[in-house]
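Colleague: Have you got a few minutes to go through this model with me? I'd like to pick at some of the details.
Modeller: Sure, let me bring it up.

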Amino acid sequence: MTAIKTIIFWSTILILSAFATTSYANSNSHHQILIPSISGSVSIDAQLDEPQWQKAKKVLINNVTRPYDNTPSPIHTEALLMEDGKQLYIAFIAEDPNPSQIRGFLRDRDKSWGDDIVGVKLDTYNDQRTAYRFLVNPLGSQIDGIENEVTQRESDAWDGIWDSAGIINDKGYIVEMALPLRMLNFTEKESIQDWGIELLRMYPRDERLRISNIRLERNNSCELCQLKTALGFKGAKQGENLTITPSLVVGKHKEINDNNLWEEKNNTDLSLDARWGITPDLLLNATINPDFSTVETDSSQLNLNNNFALYFQEKRPFFLDNADYFDSNYNLVYTRNINAPNYGAKLTGRKNDHSFGLFVTDDDSTNILIPGNRASSLAEISGESKASALRYRYNYNDDITLGWISTLRTAEDYQNSVHGIDARFRLTTNDVFKFQSLYSNTEYPDTLFEQFCDEADNSDCIPDDNEQCTFGECNFSETILRTTQAQPFSGNALKVGYYHNDTNWSYRADYNEKNAGFRGDLGFISRIDQKTLSVGVDRKWYAIQGDWWSNFFLSSNWHKAQNDNGELIEEKLNMSARINAKYSSSIHLGLTYRDKVGRRLNNSRLAIKGNTTLFSESRIYLSANIKPLLGLHLNTSMEYGDAIDYSNNRLGLTKQLRGNINWNVNKHLELRFKQVFNQLDADSSNLFTARLTDIRATHQFSIKSFLRLSLVYNNTTRNPLNYLYEKPEDIIKHSRDVSTELLYAYKINPQTVFYLGYSDHQYTEETLSHLTKDLQKVFMKFSYAWMK
């Protein structure tokens with residue numbers, strides 16, 4: 001960033017700081033809920049027959065906040081609250097005029113979205129930044145997670161250890177829950193605690209009603225700012241808050257080697273995880289030889305005619321606990337990059353207006369993403385590596401949040417460090433300004449480029465008199481150019497955004513710059529050498545309660561991307577309309593017009609202008625969603641129009657279809673079916689057709705145990721004669737592979753679990769009858785959480 005840019009930037013920040021501090025004060029008046037203290041044992045069984053419930057505080061949940069604007073609830077719901085200094089007890093009595101229509105199915109944790117649900121949000125610091133979310137369906141299945149007001153992200157990844165039960169009766173249903181204070185972050189004090197709280201109910205019938213004990217004003221973009229205040233827990237302590245979880249994994253792995261022979265490997269691993277609340281404000285997570293097998297297979301994705309890496313969600317407990325402490329505007333901590341650590345430690349804490357997170361791990365290997373502006377590639381550096389991250393956040397006042405982040409990855413002849421500052425300013429109830437500024441320094445091994453030699457293709461390279469198409473023995477590619485330099489790479493990134501949201505309008509403008517030298521190897525940074533400016537506006541309409549539709553949105557977004565030299569990469573205009581209606585249905589229709597460059601003509605040059613072809617695309621997309629019957633959810637989407645054929649640098653025609661069917665056959669059995677179709681034609685002939693089928697059947701014996709069968713079938717056909725720069729004999733005409741998994745799970749809580757599973761993989765380049773098994777796995781995992 002130049003000196004002039006720096007001066008302008010910080011002048012803007014100071015002006016906005018003054019405006020935020022002097023012009024806006026939180027006008028929300030918090031109503032209070034006094035939670036009584038009780039003694040004696042309470043059984044979590046949804047019976048509510050203990051005498052303590054007679055002393056509980058009753059709160060009515062009678063206000064519809066979505067899709068309507070704070071209208072009276074058509075059904076009666078009440079919550080009962082009490083605490084004993086160690087646990088918060090909440091019971092929900094949810095009446096229903098037709099109990100046979102209650103949507104409640106036995107499900108695994110975090111899978112009950114779409115069911116009838118009751119629950120609570122808790123902002124335990126009452127600072128309007130983050131909140132825990134605990135939800136339960138009528139049969140006791142749990143959903144928990146974290147809402148982050150600063151980053152505007154919600155995640156179900158966090159799993160707490162708490163108790164719940166639910167029962168359906170002839171008047172509706174009852175849910176009872178006990179939330180141990182030991183799993184929550186809060187400040188211990190002798191006086192009464194004051195926490196932000198919302199009690200809510202989801203009521204899905206002809207339309208899905210969100211019913212609350214509070215008013216959520218459409219004209220206020222900050223939901224956590226509108227919570228009521230719960231008073232109680234006088235002198236509450238978190239105790240020693242120590243959880244030790246040993247794990248045992250036993251498995252056998254068989255795989256076909258390069259000589260077409262089976263190789264067998266036996267695997268027996270012991271690991272140990274510890275979670276210790278050193279103080280009420282300081283939490284330590286530590287792990288030794290952790291089992292980071294995800295058990296849950298990743299969602300299947302097609303990756304054709306795509307130059308950039310795919311993103312996968314983190315599922316591993318060590319990284320998920322208090323993961324929100326590391327959030328920022330850029331995704332700088334993407335822990336899926338860390339493959340197989342021998343140890344890990346994480347320290348997170350919060351005191352008054354200050355919070356921080358620190359973690360360190362090692363890894364048996366180093367997987368990094370080499371970014372670019374036309375492609376990204378995954379690289380592996382041999383040998384062990386170290387990774388660490390530090391995040392600090394300061395709540396200057398109710399409306400200003402300041403932060404710092406640093407990440408570091410090191411290995412032999414390799415290091416990447418990132419440092420940066422960020423801030424969020426809530427200017428009014430409708431307006432938010434954010435920024436983040438980063439600096440990175442990176443040094444790659446001298447031979448890193450060699451692993452990309454095979455991916456480089458210069459058959460269309462036309463060198464000038466003073467240029468060439470090869471780098472030593474290797475053809476040039478963007479990835480090679482991004483990894484070869486005499487000096488270490490250094491660069492900057494800057495993200496600035498303004499966001500407005502009110503009852504009828506929302507609009508936004510953001511600028512994102514990551515120059516050619518910037519790298520964020522611990523995060524998910526796939527694009528560099530790129531400056532983007534985006535502007536968008538939405539117009540919103542709302543129906544009157546009882547209409548066949550609930551809301552309607554018109555949206556328009558403009559986006560322009562250039563490289564560091566100001567050369568156009570992409571300019572896009574998108575217009576769309578979406579309507580939400582009865583039976584949880586929606587229809588979304590959109591048009592996209594885009595000018596975008598294709599592949600480079602001369603791969604020895606990173607220039608865009610004069611080295612690429614600019615294509616004009618127009619595309620239509622349509623998606624629809626409906627829940628017509630109890631337990632049945634249908635979803636489909638399609639795209640049709642122009643698409644760049646990146647392999648051959650020409651404009652083609654794409655047809656993409658996607659369909660999903662989720663069917664709860666009964667309380668125990670759920671069937672999920674996903675079908676994806678992707679076809680690209682060019683020069684009046686087919687280039688490829690890809691079909692992906694994903695079938696999953698789950699029998700949930702109880703809330704604690706299930707048996708799941710998964711089958712993923714990928715079928716891709718290519719036309720070798722329509723590839724311009726590759727020999728027909730080098731193109732795989734047909735590829736078919738099938739992955740299956742059978743998994744039994746018994747979970748007492750998220751950390752005390754037993755898994756037994758089998759998986760295999762089959763592949764062929766001929767017909768289905770020629771499928772050949774090339775991988776088999778059998779595994780068992782047992783872990784037990786000892787808590788004190």
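Colleague: Let's begin with Asp-194: what is its relative accessible area?
Modeller: Asp-194 has a relative accessible area of 30%, which makes it partly exposed. Keep in mind as we go that this is a predicted model.

Colleague: Which side chain does Asp-194 meet in a salt bridge?
Modeller: That would be Lys-189, at 3.3 Å from N to O. Lys-189 is partly exposed too, at 28%.

Colleague: How many salt bridges does the structure hold?
Modeller: There are 35 of them. One joins Arg-66 to Glu-223, with 2.0 Å between the closest N and O atoms. That pair ties together distant parts of the chain, since Arg-66 sits in strand β3 and Glu-223 in the loop between β14 (208–212) and β15 (228–232), 157 residues apart.

Colleague: And how exposed is Arg-66?
Modeller: Arg-66 is partly exposed, with 38% relative accessible area. Its partner Glu-223 is also partly exposed, at 23%.

Colleague: What about the peptide bond from Arg-66 to Pro-67, cis or trans?
Modeller: Cis, with omega near 0 degrees. Pro-67 belongs to the loop between β3 (63–66) and β4 (71–72).

Colleague: Switching to helix α3, where do Glu-478 and Arg-482 lie relative to each other?
Modeller: They are 4 residues apart in that helix, about one turn. A salt bridge links Glu-478 with Arg-482, and their closest N and O atoms are 3.0 Å apart. Both Glu-478 and Arg-482 are buried. Elsewhere, salt bridges with shared partners make one network that includes Arg-66, Lys-121, Arg-133 and Glu-223.

Colleague: Now a charge without a bridge: which side chain of opposite charge is nearest to Asp-521?
Modeller: Arg-519, but it is 5.7 Å away, and Asp-521 is buried with no salt bridge. The cut-off for a salt bridge is 4 Å from nitrogen to carboxyl oxygen. Asp-521 does have a polar contact with the side chain of Tyr-414, at 2.6 Å.

Colleague: Where is Asp-521 placed?
Modeller: In the loop between β30 (505–514) and β31 (530–542).

Colleague: On to the surface. Which residues form the negative patch?
Modeller: Glu-412, Asp-413, Glu-443 and Asp-446. Asp-413 is in the loop between β24 (400–411) and β25 (414–426), and it is exposed at 53%.

Colleague: And the nonpolar patch, how much accessible area does it have together?
Modeller: About 730 Å², from residues including Leu-573, Ile-587, Tyr-593 and Tyr-640. Strands β33 (568–581), β34 (585–597) and β35 (614–629) each give at least two residues to the patch.

Colleague: Which strand supplies the largest share of the nonpolar patch?
Modeller: β34, with 4 residues. Tyr-593 is located in that strand and is partly exposed, at 41% relative accessibility.

Colleague: Last topic, backbone oddities. What is the phi of Ser-584?
Modeller: It is positive, about 50 degrees, although Ser-584 is not a glycine. You'll find Ser-584 in the loop between β33 and β34, and at 16% relative accessibility it is buried. Gln-128 is another non-glycine residue with a positive phi, near 65 degrees. Gln-128 lies in the loop between β7 (117–123) and β8 (130–136).

Colleague: Is Gln-128 buried or exposed?
Modeller: Buried, at 8% relative accessibility.

How values were computed: Residues numbered from 1 in each chain as written. Predicted model: local features only at pLDDT ≥ 70, side-chain atom pairs only at ≥ 80, totals over all residues. Heavy atoms only, no water. Patch = residues over 30% accessible without salt bridge, like charges linked within 9 Å, V, L, I, M, F, W, Y side chains within 5 Å. Areas by Shrake-Rupley, 256 points an atom, 1.4 Å probe, with all protein chains shown as cover. Lys, Arg positive; Asp, Glu negative; His and termini not counted. Charge placed at Lys NZ, Arg CZ, Asp CG, Glu CD. Buried < 20%, exposed > 50% of the residue type's maximum accessible area, 1.4 Å probe, protein only. Polar contact = N/O pair within 3.5 Å; in protein donor to acceptor, adjacent residues only side chain to side chain.
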